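Student: Could you take me closely through one part of this structure, namely its sheet and what borders on it? I am new to it and would value one connected account.

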Amino acid sequence: MIRIRQLRKTFDGTGNQGVTALENVNLDIGRGDVFGIIGPSGAGKSTLLRCINMLEKPTSGSIYIDGTEITGLTKRDLRVVRRQVGMVFQHFNLLSSRTVYRNIAFPMEISGIPKTEIDKRVQELLGLVGLEDKASAYPSQLSGGQKQRVGIARALATRPKVLLCDEATSALDPRTTRSVLELLRSINKQFGLTIVMVTHEMQVIKQVCSRVAVIENGGVVEQGSVQDLFTRPGAEITKGLLAGMDAAGFMVDTSKQRRDFEGLQPRGKEAIKNVG
Ligand SMILES: Nc1ncnc2c1ncn2[C@@H]1O[C@H](COP(=O)(O)OP(=O)(O)OP(=O)(O)O)[C@@H](O)[C@H]1O
Ligand SMILES: [Mg+2]
């Protein structure tokens, strides 16, 4: 479904101080996979995701989606490909002056889809993400989890083949995180949609992903099934990420995660059951 070969991305810095964000990245993401990309801050996760929909143009290397090399496409062809790749953001990126309905309709409006068709699809999507009663609400009137459901519905509006999620649950509390991850999982199952999930939380990988790549300093250090990663981590960084998970399955190495964790009451047996 997605094939990445020898991908390299550098950013020009001031003077000679360029940044190599990605170096020799090779990845194969299968159709229908929920593929996790995990690594520490600055590893290149977002850059990698943004290369997959060409929000960022690779410096060299190639990316194929469904056999089409997107790295060499003209602007016009690229627009067609972009419609096949939806994206969900950490901070939702909703349009505050538009209602839920019109946020979801937005990508269809700019694709010139007829109004009656848009209406049908928006109703369908509202049902899918469980927000039928919020159609005329504005983003400021929604909880974080509801906003992300709108973000997901909007990303699915043009029926993409691939959904890219960049830290889609990082702004949400643990319980809301679980429900949003469950929604993504059920969409994956129901439609066979391929999902690529960037995260720095092992708990996210554990809950929804089937396969995973670990990246560090712009390179893939390990990739394989999630089960293998948890039972036989190879790279030091992976061991570190696993060791950083506490008994409830949450990493506690950033202030946000620590806050989330402290918000959790001890859950006795349940917390212990969650390990490994
Ligand atoms: N537009 C840009 N211009 C210059 N450097 C950039 C740009 N975008 C990213 N970088 C650099 O590329 C590297 C990778 O950044 P990236 O945002 O992909 O990391 P990340 O793994 O997503 O980190 P985080 O977990 O903090 O989101 C970093 O060194 C970053 O400073
Ligand atoms: Mg990032």
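Tutor: The sheet in this predicted model is open and consists of four strands in the order 2-1-4-5, with antiparallel pairing. Strands (E, at least two residues) and helices (H or I, at least four) are DSSP runs numbered from the N terminus, and two strands pair if DSSP finds at least two bridges between them. Strand 2 and strand 5 (68–69) form the edges, each pairing on one side only. Strand 1, residues 2–11, and strand 4, residues 60–65, run antiparallel and are joined by five bridges. Within strand 4, Ser-62 is the residue that stands opposite Arg-5.

From the edge at strand 2 the account passes to the ligand. The shell around ligand 1 comprises Phe-11, Val-19, Ala-21, Gly-39, Ser-41, Gly-42, Ala-43, Gly-44, Lys-45, Ser-46, Thr-47 and His-200, a residue being counted when its C-beta atom, placed from the backbone, lies within 6 Å of the molecule. Two elements, strand 2 (19–29) and helix 1 (45–52), give two or more residues to this shell. Helix 1 supplies the largest share, three residues. By class, the shell around ligand 1 holds four nonpolar residues, seven polar and one charged; Ala, Val, Leu, Ile, Met, Phe, Trp, Tyr, Cys and Pro count as nonpolar, Asp, Glu, Lys and Arg as charged, and the others, Gly among them, as polar.

Residues are numbered from 1 along each chain as its sequence is written, while chains are lettered from A and ligands numbered from 1 in the order in which they are written. In this predicted model, local features need pLDDT of at least 70 and side-chain atom pairs count only at pLDDT 80 or more, whereas totals for chains, interfaces and linings use all residues.
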